[in-house]
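Biologist: I am new to this structure and would love a close look at one part of it. Could you walk me through the place where chain A and chain B meet?

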Amino acid sequence: MTATVTPPSAQAGSKETSGSGGARRRLPRIPDRIRRGGLPYLLLLPAILLELLIHLIPMAVGIVVSFRKLTLFFIRNWGQAPWSGFDNYKVAVDFDAPIGQALLHSFWVTCAFTILSVGLCWLFGTVAAIMLQETFRGRGLLRAIFLIPYALPAYAAIITWAFMFQHDNGLVNHVLHDQLGLTDKPSFWLIGNNSFIALVVVSVWKGWPFAFLIIMAGLQNIPRDLYEAASIDGAGMWQQIRKITLPSLRPVNQVLVLVLFLWTFNDFNTPFVLFGKSAPEAADLISIHIYQSSFVTWNFGSGSAMSVLLLLFLLVVTAIYLLLTSRGRKSADV
Amino acid sequence: MRKIRAAAAVTVVTALAAAATGCGGGSSDSGDNSAPKTLTYWASNQGPNIDADKKILTPELAKFQKQTGIKVKLEVVPWSDLLNRILAATTSGDGPDVLNIGNTWSASLQASGALLPWNAKNFDAIGGKDRFVTSAVGSSGAEGKDPSAVPLYSLAYALYYNKQMFADAGITKPPTTWDELVADGKKIHAKDANKWGLGAEGGNLSNNIHQAFALGQQHGADFFDKSGQPTFTSDGAVAAVKQYVDFMAKDKIIAPGNAEYAQNQSLTDFAKGKTAMVLWQAAATSFASQGMKPTDWGAAPVPVQSGTPGTGTSVNSMVAGINIAVFNNTKNVDGAKKFVKFMTSDAEQVYLNKSYGSIPPVKAAQADPAFSAPDLQVLRDTLAKSAAPLPQVAAESQFETTVGTAIKGLWADAAGGKPVTTESVKAALTKAQQQMTQ
């Protein structure tokens with residue numbers, strides 16, 4: 001790796017010294033070392049500042065707020081909200097009391113939802129990518145069609161699903177009940193227990209094209225020779241997938257699953273557009289639960305505490321995941 | 001490298017410190033007059049759509065500018081965004097000068113200190129408190145405190161019915177008690193299984209609350225006690241919620257699909273002749289926009305348990321309506337008061353309420369013949385005689401969310417064929433009450 005990097009940088013350095021003699025005369029005070037080394041940081045600066053402004057500062061403010069009793073009595077002058085220590089956290093994790101119970105319930109629902117959604121997204125994405133690996137007529141068109149859900153604006157797509165899931169006039173009931181006769185009576189998809197199914201369906205529909213895209217890109221990097229050699233050795237398609245494709249995709253999958261997990265666990269758009277401000281109990285994802293605990297009830301301290309807990313959980317899961325997968329990678333390298 | 005790291009660390013710490021200390025937001029205590037020539041006005045969406053509102057309001061704002069030289073920048077905010085926008089404005093201190101609020105939010109916003117209190121002096125500046133209907137002033141803030149807003153448009157619930165469907169089912173007059181309503185609904189459904197007696201908006205939390213509140217009054221239940229503590233699980237409250245959901249669960253006069261309605265689909269069903277009755281506030285303009293002629297439908301007072309609508313257990317509607325408020329951080333407090341005076345003047349009240357199909361909360365404006373149409377007469381009578389304001393407590397918005405969600409869940413049970421019993425209603429309301437932490 002180093003061998004390939006050194007020459008261009010050396011080149012750039014030599015170009016700079018030869019070509020910028022005049023510039024050095026105009027700016028004599030900046031030492032050479034910083035001028036050369038500082039450029040990348042200068043270029044990074046806008047990104048760092050924006051990252052601070054958009055992500056880190058609000059996050060820090062959120063953490064501060066989670067230690068305060070920030071209710072509607074203080075929103076106008078929220079610097080004066082009394083400090084409440086760990087009270088907001090105590091309420092959130094007191095699983096014997098209603099608020100903690102509801103949060104825990106929402107957490108389990110979110111876990112089940114995430115496992116199902118990420119699993120199915122990955123499965124559909126992988127299968128479709130492998131299927132479309134061979135060249136055939138119409139492959140480009142199919143690829144384009146598969147990517148449509150990913151390209152559509154989330155709100156427009158989900159609201160369309162909400163219409164399709166309607167009890168009286170929805171397409172889903174029309175097909176399942178009126179045309180196929182699979183159910184005794186039209187089902188409710190947006191209220192009651194079925195809402196969980198509706199949520200998973202929309203989430204998978206929205207998420208799998210991303211998995212498809214990434215895995216398709218990963219597949220391009222697997223040398224064709226491997227497959228040719230394997231087929232000469234008598235390996236069938238299934239064996240080729242198991243012995244060549246999946247192991248080669250490992251690094252891609254590691255990142256893909258992590259990203260899908262984080263997106264899905266935090267998904268707010270899907271339940272909010274499907275169910276509105278209050279999701280049915282069976283589909284009460286944690287993001288919308290927290291939204292309800294802060295915006296709808298104006299209790300921002302409590303909502304922030306729950307958000308911080310969610311952040312901690314995701315950090316821990318991500319850290320463990322990275323630790324496990326990088327260990328696996330190291331041992332694989334050896 | 002080390003230097004840069006240090007610099008980055010310093011930047012972060014400074015930013016954090018700024019964030020931590022800058023929490024104050026807009027903390028100046030009340031408005032000033034540093035920008036006397038302009039006003040920003042957030043109007044709520046009262047007409048069929050936002051453009052219609054702009055068309056109705058823009059010429060009036062021009063009139064105001066001609067009178068006072070103050071230019072009013074108008075923004076019509078949809079209901080789905082309005083409360084969040086107000087919260088954001090309250091937190092940042094950067095908001096409009098004058099704004100419309102749903103009157104049920106009055107006490108919550110009053111507690112936040114976001115709005116200019118309407119003490120006697122401020123009321124005098126707009127012609128005095130006595131110009132307004134008492135019940136409307138009663139829904140502009142907690143009892144014993146200066147109102148946080150001034151009534152602008154008044155509304156009440158009425159029972160709207162489809163005359164043709166009533167005639168087809170042999171019903172000669174609208175029901176006056178719930179028993180009659182259930183009997184009529186059953187008649188209509190018995191005649192044609194695709195037609196239903198009553199419509200509901202099961203997924204609309206506010207609407208659930210409005211209905212449960214009026215029924216609660218009829219069962220002698222307030223959802224809060226005198227000290228502002230929630231009493232959601234009282235026998236009366238449980239009976240009220242059960243009676244409402246039973247229209248679907250037991251009486252079967254509401255189509256199960258209504259359990260998931262939240263976007264006024266029940267009005268569409270009504271206009272299409274699928275449902276014979278709806279309980280709604282000032283629905284005339286909505287019916288017209290759905291293609292109904294004024295002769296197609298009739299309006300009657302919302303039924304009661306027995307007797308005639310009145311006070312106490314004969315209340316049959318909440319005092320619904322829109323209030324106009326001045327944001328405490330305004331830079332033009334005198335101009336804002338002038339604007340409120342203009343909007344609540346007799347002439348503007350007649351014009352605006354006529355345009356929106358609502359009732360003027362200003363007594364003198366009510367005398368205009370425009371408000372004597374039969375359906376508006378029902379609303380006027382209800383407001384005058386048998387409407388009560390929703391609990392004016394700081395936790396009102398929480399109440400709407402928690403109890404509204406509980407009722408939404410009960411609708412889902414009813415629609416899915418799960419039994420709705422006194423115990424299940426009580427359990428749902430208990431859970432709602434436990435979530436009221438403030």
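Modeller: Here is a tour of the contact between the two chains, with a short look at chain B afterwards. This is a predicted model, so please read it with its limits: local features need pLDDT of at least 70, side-chain atom pairs count only at pLDDT 80 or more, and totals for chains, interfaces and linings use all residues. Residues are numbered from 1 along each chain as its sequence is written, chains are lettered from A and ligands numbered from 1 in the order in which they are written, and side-chain values use heavy atoms, leaving out hydrogens and water.

Let us start with who takes part. Chain A brings 37 residues to the contact and chain B brings 50 residues, where contact means heavy atoms within 4.5 Å. About 3800 Å² is buried between chain A and chain B, and carbon and sulfur atoms give 61% of that. Buried area here is the accessible area (1.4 Å probe) that two parts lose on being put together, summed over both. In chain A, the residues that lose the most area to chain B are Arg76(A), Ile191(A) and Trp298(A), which together make up 21% of what that side buries.

Now for the polar side of the story. The rule finds one salt bridge across the interface of chain A and chain B, a salt bridge being a side-chain nitrogen of Lys or Arg within 4 Å of a carboxyl oxygen of Asp or Glu. Lys431(B) and Glu281(A) meet through their side chains in a salt bridge, at 3.1 Å from N to O.

On the side of chain A that touches chain B, the elements giving two or more residues are helix 3 (32-66), helix 5 (98-131) and helix 13 (286-296) of chain A. Helices are DSSP runs (H or I, at least four residues), numbered from the N terminus. Helix 3 of chain A gives the most to this side, with five residues. The residues of this side of chain A divide into 22 nonpolar, eleven polar and four charged. In that grouping, Ala, Val, Leu, Ile, Met, Phe, Trp, Tyr, Cys and Pro count as nonpolar, Asp, Glu, Lys and Arg as charged, and the others, Gly among them, as polar.

Finally, a look at salt bridges beyond the contact. Over all chains, a search of the whole structure finds eleven salt bridges. In chain B, the side chains of Lys63(B) and Glu348(B) meet in a salt bridge at 3.3 Å, N to O. Lys63(B) lies in helix 2 (residues 50-68) of chain B and Glu348(B) in helix 14 (residues 346-356) of chain B, so this pair ties together parts that are 285 residues apart in sequence.
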